[in-house]
Amino acid sequence: MSTWPAPTSSSPVHATVTLPGSKSITNRALIISALASGRSTVAGTLRSRDTDLMISALREIGTGIDIDSDDPTSLTVHPGIVRGGAVDCGLAGTVMRFLPPLAALATGTVSFDGDEQARTRPLDTILSALRALGADVDGDALPFTVTGTGRLRGGTVDIDASGSSQFVSGLMLSAARFDEGITIHHVGKPVPSMPHIQMTVEMLRHAGVLVDTPADSGDADTWRVHPGPVDAVDWVIEPDLSNATPFLAAAAVTGGEVRVPNWPSSTTQPGDAIRHILATMGATVELDGGILVVRGPKALRGIDIDLHDVGELTPTVAALAALADSPSHLRGIAHLRGHETDRLAALVTEIGRLGGNAIETDDGLDITPAALNGGVWHAYADHRMATAGAIVGLAVPGVHVDDIGTTSKTLPGFELLWADMLAGSPAHEGSSS
Ligand SMILES: O=C(O)C1=C[C@@H](OP(=O)(O)O)[C@@H](O)[C@H](O)C1
Ligand SMILES: C=C(OP(=O)(O)O)C(=O)O
């Protein structure tokens with residue numbers, strides 16, 4: 001694997017960047033469609049490692065998925081009886097957490113494995129919950145098996161979802177097909193990434209599933225999915241707003257202007273929070289007729305922010321903070337230690353390697369301004385670490401990302417999009433020139 005010389009831009013970046021579909025919405029739409037009572041279609045699907053793993057896994061255990069030969073982002077999903085098979089989760093949290101509850105409905109054994117690095121990602125919470133709901137699960141982490149009899153009792157379960165919102169989402173997504181549905185009580189420190197749980201709720205409701213949230217029932221930290229049929233839906237996937245953030249950051253870092261079309265006027269995607277984050281750091285941000293326009297400031301300010309709800313944005317925000325002219329405090333993100341890699345440790349190490357100043361706190365990062373130098377930025381097989389390196393490289397000559405290819409987890413062809421963004425901007429140096 002050769003390192004990627006991150007292009008440096010000595011002039012403001014001016015570009016319009018169109019992003020493919022959302023990973024989180026795509027993989028939810030696929031699971032819900034696989035459980036539906038008829039044929040669904042999914043338009044604007046993200047095609048990337050995480051979503052292709054979901055497609056392969058669903059096919060393996062009985063779902064028919066046709067891919068339009070003229071437009072590989074258009075899928076037709078034909079639900080089938082869930083059967084045994086072997087599932088590769090790669091490093092995808094959405095595959096390793098969303099599929100086991102569906103596998104519990106199988107008529108055989110579904111075996112799960114994934115990348116070496118995936119074997120350390122937390123899973124015991126959801127696997128224990130499935131056992132409590134009547135499933136036969138062997139193992140507490142990857143690799144593990146789920147053996148089904150074609151149905152699952154379901155019912156009430158207490159879980160500690162402070163490590164990942166995906167435990168709640170994963171259980172909810174298949175629960176309408178459990179005999180008793182599900183009632184999930186969370187017990188523990190606050191659940192992160194609540195917008196992602198709201199995404200699950202809204203998409204289930206869109207498919208006709210009856211869901212009670214804490215706001216509906218008045219029961220704090222309790223979600224209920226009633227048993228019942230799941231409707232077929234013609235899904236249209238929003239662009240991935242978290243994947244938009246490195247491109248918007250490019251405007252902020254270079255004092256340029258980046259436009260992202262098809263920005264939804266209302267969304268459950270956490271990436272929407274980048275508008276507030278960039279504005280707080282000094283950028284001008286406008287949402288104008290579905291186009292998000294970010295104009296960078298002369299100098300970026302640091303930020304003090306709780307990212308508990310939008311942890312996915314941390315690598316982008318940390319890269320921006322490393323280039324800001326005042327200190328930043330990123331809080332509420334202890335759970336990032338269980339993401340693709342330990343993101344807090346990885347960001348501290350990589351910012352430090354370039355001469356920056358980042359320290360790990362109990363639940364986040366403190367980053368103070370320092371002059372940065374070039375060097376190798378390690379991605380740790382983490383797509384968002386790789387894109388964070390690209391952001392830093394815009395402002396710091398001589399940054400090389402060791403594995404830019406890892407961006408294919410959610411954004412294949414990132415380097416080309418990055419190069420296209422820079423192509424319209426006069427002075428930059430690096431691989432894309
Ligand atoms: O449900 C989802 O699609 C996701 C939930 C979040 O997970 P955590 O709650 O584990 O942070 C997020 O970080 C991840 O990228 C996608
Ligand atoms: C945490 C992430 O991914 P995953 O779905 O694998 O948890 C992410 O994309 O930032």
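A residue counts as near a molecule or strand here if its C-beta atom, placed from the backbone, lies within 6 Å of it. By that yardstick, the shell around ligand 2 is made of Ala92, Gly93, Thr94, Glu312, His339, Glu340, Arg384 and Thr410. The model is a predicted one, so to speak of local features takes a pLDDT of at least 70, and side-chain atom pairs count only at pLDDT 80 or more, while totals for chains, interfaces and linings use all residues. Residues are numbered from 1 along each chain as its sequence is written, and chains are lettered from A and ligands numbered from 1 in the order in which they are written.

Sorted by class (Ala, Val, Leu, Ile, Met, Phe, Trp, Tyr, Cys and Pro nonpolar; Asp, Glu, Lys and Arg charged; the others, Gly among them, polar), the ligand 2 shell holds one nonpolar, four polar and three charged residues. The protein splits into domain 1 (4–19 + 239–429) and domain 2 (23–235), with bounds that come from an automatic or database domain assignment. Ligand 2 lies between the two, because both domain 1 and domain 2 give residues to its shell.

Ligand 1 has 13 residues around it, and Ser24, Ser164, Ser165, Ser193 and His196 come nearest. Helix 3 (93–103) and helix 5 (166–175) are the elements that give two or more residues to this shell; helices (H or I, at least four residues) and strands (E, at least two) are DSSP runs, numbered from the N terminus. The shell divides into one nonpolar, 11 polar and one charged residue, and at least three residues come from each of domain 1 and domain 2. An unreviewed UniProt entry puts the feature "binding site" at positions including Ser24, Ser164, Ser165, Ser193, Glu312 and His339. UniProt positions follow the numbering used here, feature names are shortened, and annotations may be inferred rather than shown by experiment.

Two of these serines are worth a closer look. Serine 165 sits in the loop between strand 11 (155–159) and helix 5, and serine 193 in the loop between strand 12 (182–186) and helix 6 (194–206). Serine 165 counts as buried because it has 25 C-beta neighbours inside 10 Å; serine 193 is buried too, with 23. The cut-offs are 20 or more other C-beta atoms within 10 Å for buried, 12 or fewer for exposed, and partly exposed in between, with C-beta atoms placed from the backbone. Beyond four places in sequence, serine 165 is in contact (C-beta atoms, placed from the backbone, within 7 Å) with Val191, Pro192, Ser193, Met194, His196 and Ile197. Serine 193, on the same sequence condition, touches Ser165, Pro270, Asp309 and Gly311.

Backbone geometry adds a few oddities. Most residues other than glycine have a negative phi, and most peptide bonds are trans. Serine 193 has a phi near 55°, a positive value. Tyrosine 380, also not a glycine, has a positive phi of about 55°; this residue lies in the loop between strand 23 (375–377) and helix 12 (383–395) and is partly exposed, with 19 C-beta neighbours inside 10 Å. The peptide bond from leucine 142 to proline 143 is cis, with omega near -5°.

As for the domains, their centres, taken over C-alpha atoms, are 29 Å apart. The contact takes 18 residues from domain 1 and 22 residues from domain 2.

How values were computed. Two residues are in contact if their C-beta atoms, placed from the backbone, lie within 7 Å.
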